[in-house]
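Here's a short tour of a predicted model. Have a look at the sequence and structure first, then read on.

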Amino acid sequence: MSATPDADEYTEECTECQRETRHRVQIELKEEGGNEGTTDFSREPYRITVCSVCDTEESLRMNDA
Ligand SMILES: [Zn+2]
């Protein structure tokens, strides 16, 4: 099958379902407070995946190696 999947839905392994399920995927920028006294906020991109079967939400920090 060569059908193009929906742009924001992916089949991925779900740790709750323990099988591959459809996930809604979105990227969110989360502001993370720096150290106390710092006005610098780093906006870290997170990849949020929500299982369409069990609704488990997982976020993965994209900058982590
Ligand atoms: Zn699931």
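Is Cys 54 buried, partly exposed or exposed? With 31% relative accessibility, Cys 54 counts as partly exposed, where buried means under 20% relative accessible area, exposed means over 50%, and partly exposed is in between (1.4 Å probe, protein chains only).

## Ground rules

Since this is a predicted model, local features need pLDDT of at least 70 and side-chain atom pairs count only at pLDDT 80 or more, while totals for chains, interfaces and linings use all residues. Numbering starts from 1 along each chain as its sequence is written, and side-chain values use heavy atoms, with hydrogens and water left out.

## The chain overall

The chain has 0 helices and 4 strands, so from the N terminus on you read β-β-β-β. Here helices (H or I, at least four residues) and strands (E, at least two) are DSSP runs, numbered from the N terminus. Of the 65 residues in the chain, 18% are buried.

Now for contacts, meaning heavy atoms within 4.5 Å. Take those in the chain with a separation of 6 or more: 26% of them are between residues 24 or more positions apart.

## The zinc site

Four cysteines hold the zinc ion through their SG atoms: Cys 14, Cys 17, Cys 51 and Cys 54, at 2.2 to 2.3 Å. Donors here are N, O and S atoms within 2.8 Å of the metal (3.2 Å for Na, K and Ca); water is not among the atoms, so sites may look incomplete. The angles subtended by the 4 donor atoms run from 102 to 115°, which makes the arrangement tetrahedral; four donors earn that label if all angles lie between 85 and 135 degrees.

In sequence, the donor residues follow the spacing C-x2-C-x33-C-x2-C. Cys 14 and Cys 54 link distant parts of the chain, 40 residues apart: Cys 14 is in strand β1 (residues 9–14), and Cys 54 is in the loop between β3 (41–51) and β4 (57–61). Cys 14 counts as buried at 1% relative accessibility, and Cys 51 is buried too, at 0%. As for disulfides (pairs of cysteine sulfur atoms within 2.5 Å), the structure holds 0.

## The β3–β4 hairpin

β3 and β4 run antiparallel and are joined by 5 bridges; two strands pair if DSSP finds at least two bridges between them. They form a hairpin with 5 residues between them, and Asp 55 in the turn has a positive phi of about 65°. Across the pairing, Ile 48 stands opposite Ser 59 in β4.

Glu 44 is found in strand β3. Which side of the burial cut-off is Glu 44 on, buried or exposed? Glu 44 is buried, with a relative accessible area of 11%. Beyond its neighbours within four places in sequence, Glu 44 is in contact with Glu 28, Leu 29, Lys 30, Glu 32, Arg 61 and Asn 63. Glu 44 and Met 62 are 18 residues apart in sequence, with 7.7 Å between them in space, C-alpha to C-alpha.

## Thr 21 in β2

Thr 21 is found in strand β2 (residues 19–33) and counts as buried at 3% relative accessibility. Leaving aside neighbours within four places in sequence, its contacts include two of the zinc-binding cysteines, Cys 14 and Cys 51. Tyr 10, Thr 11, Glu 12 and Val 53 are also in contact with Thr 21.

Methods:
Tetrahedral: all angles 85-135°; square planar, octahedral: opposite > 155°, others 65-115°.
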